[in-house]
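Here are some notes from my look through this one, in no strict order. Have the viewer open while you read.

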Amino acid sequence: MFNSLSDRLTATFKNLRGKGRLSEADVDATVREIRRALLEADVAVPVVREFTASIKERALGSEVSEALNPGQQVVKIVNEELQTVLGGETRRVNLAKSGPTVIMLAGLQGAGKTTLAGKLGKWLTDQGHKPVLVASDLQRPNAVTQLQVVGQRAGVPVFAPEPGATSEFDDPTGDPVAVARDGVAHARAKLYDVVIVDTAGRLGIDEALMRQARDIRNAVNPHEVLFVIDAMVGQDAVNTAKAFDEGVDFTGVVLSKLDGDARGGAALSVRSVTGKPIMFASTGEGVNDFEQFHPDRMASRILDMGDVLTLIEQAEKQWDKTEAERMAKKFTDQEDFTFEDFLAQMQQLRKMGSMKKMLSMMPGAAGMREQLENFDEREIDRVEAIVRSMTAHERVAPKIINGSRRARIARGSGVSVSEVNQLMERFSQAQKMMKRLAQGKGVPGMPGGIPGMGGGAGGGGKKGKAKKKGSRSGNPAKRAQENAAIASGQKPAATGSAFGAQSQQPDPESLNLPKGFEKFLGK
């Protein structure tokens, strides 16, 4: 999502780099490219006009003309305006002060309401709540069964007193309004603190759909009405959002299928047209592919600035603290990094989800999009198979893995010997890097190393290198003199000084040097 928009905006900002001053023509050209990028992304025309007008007004103002770097200032303005269009601040769920919090889901059929109900339930469970799903969609065939399956996958209980329609030829049975009302009563009796009501949708907007949605809203008096919209819809999202806003007066928006390849105009249009905040986003098919919507972070993703905060949150949620403490202690004690550690770290990464998704959150990910698209997630499985094909001793002492052992490991993991060799090479490099970091030498190629960890590779050159205590001279003759002095119990004399004074040199014969070596001492 947003790939085309992100690429166009990034290319536009490249033209501003290095310019000490922006003329009005430069601003006009930039705004024109931004307008084209937004229209190509299916953003509603009124939203595009308002957005570009605000950018142009600010870009021609003093904040850009007086800036030290006008190009960066324009990017900053676009970033801030994107945040405003997307909602400004993060909108949290309004929780009830007493009794269960009722959340009603509304939207067209196919938008992903039923799947999203399970994801929302799982997300609330992770937040410490005790939710229950209510199956009020009795119209769509097998909608009740689908909600039960989704609830089971998410580990959230489902209240479903009516089976609903089982095929497209069956007439819906039961009253969805009564099911919703009974679901809230059931939650209150069983001490559930959140009720998520899944409602029916239609292929298009009609009066029957809106009437049923209004009746359910009036019956359960929800604290939140979330409008679920397919992020791949495009321009039609605006008309659908307006109709549901007038029909049920929703309080927030949830974007589903945000991991798709559509242009993403719905996300930039719905908030501006309806005035209702985007609260959540569904980013995949798994029950954990669901996140709270942060306008500032989404704006950073669109402008290819990354979303490191979300990445950190996911890592904190999935990372095993005991394992992290074990690795930290091993790092502090400067112990060798083994394949056992490597395997443990890989398993921790897999808990965080798709590697593609994680890498796409890094700043500058647009520049390596082709590599990300070609990245094979199964590569992690192959690497794990190689490591698991090693013996316990081989994992902790990889230096013993010779040619015959590599051939055996390749056969056991179903890969070629060259793939085993590549993994061994990468592991060797990782070992060296971990050792340098543990010694406080920093990462090679990074000037000054890592802050707080001593001098890096950039400071390790000959110029500033401190001589180790007790070190010997590199000149064989001088080193021999020092050894002789130490053997006689004397302090090694300096072989020379900055002022040209020469020290007394011992007799070459007393040093037991090889024949002909005297010439190095000037004898």
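1. A cut-off to start with: a residue counts as buried when its relative accessible area is under 20%. F339 comes out at 0% relative accessibility, so F339 is buried. Bear in mind throughout that this is a predicted model.

2. The overall picture, briefly. The protein has 523 residues, and 43% of them are buried. Its secondary structure amounts to 22 helices and 8 strands. If you take the contacts with a separation of 6 or more, 69% of them are between residues 24 or more positions apart.

3. Now for the helix packing, beginning with α2 (residues 24-40) and α3 (residues 45-59). Their axes come within 10 Å and cross at roughly 160°. Angles over 145 degrees count as roughly antiparallel, which is why α2 is described as roughly antiparallel to α3. As for handedness, this crossing is right-handed.

4. Who sits in that contact? On the α2 side there are V27, D28, V31, I34, R35, L38 and L39, and they meet V45, V48, F51, T52, I55, K56 and A59 of α3. By residue type, the contact of α2 with α3 splits into 10 nonpolar, 1 polar and 3 charged.

5. The other helix pair I'd point you to is α5 (residues 70-86) with α12 (residues 295-302). Here the axes are 8 Å apart and the packing angle is about 130°. That angle makes α5 oblique to α12. The α5/α12 crossing is right-handed.

6. In the α5/α12 contact, α5 brings N79, L82, Q83 and L86, while α12 brings P295, D296, M298, A299, S300 and I302. The residues of this contact divide into 6 nonpolar, 3 polar and 1 charged.

7. On to the rings. There are 8 aromatic pairs in the structure. One of them joins W123 and F280, edge-to-face, with 5.0 Å from centre to centre and 75° between the planes. Where do W123 and F280 lie in the chain? W123 belongs to helix α6 (residues 113-126) and F280 to strand β7 (residues 278-282), so this pair links distant parts of the chain, 157 residues apart. Both W123 and F280 are buried.

8. The W123 and F280 pair is also part of something bigger: ring pairs link W123, F280 and F290 into a cluster.

9. Then there is F339 with F342. Their ring centres are 6.0 Å apart and the planes stand at 85°; planes over 60 degrees apart count as edge-to-face, so that is what this pair is. Both residues belong to helix α15 (residues 339-351) and are 3 residues apart, about one turn of the helix. This is the same F339 that was buried in point 1.

10. Last, a look at T125, which is found in helix α6. Is T125 buried, partly exposed or exposed? Its relative accessibility is 32%; exposed would need over 50% and buried under 20%, so T125 counts as partly exposed. Leaving aside residues up to four places away in sequence, T125 touches P131 and V156. You can also check the C-alpha atoms of T125 and A154: they are separated by 9.1 Å, and the two residues are 29 residues apart along the chain.

Methods
Residues numbered from 1 in each chain as written. Predicted model: local features only at pLDDT ≥ 70, side-chain atom pairs only at ≥ 80, totals over all residues. Heavy atoms only, no water. Axes fitted to C-alpha atoms, helices over the stretch in contact; angles between N-to-C directions. Helix = DSSP H or I, 4+ residues; strand = E, 2+ residues; numbered from the N terminus. Parallel < 35°, antiparallel > 145°, perpendicular 65-115°, else oblique. Left-handed = near helix turned anticlockwise from the far one by under 90°. Contact = heavy atoms within 4.5 Å. Nonpolar A, V, L, I, M, F, W, Y, C, P; charged D, E, K, R; others polar. Phe/Tyr/Trp six-rings, centres within 6.5 Å; stacked < 30°, edge-to-face > 60°. Buried < 20%, exposed > 50% of the residue type's maximum accessible area, 1.4 Å probe, protein only.
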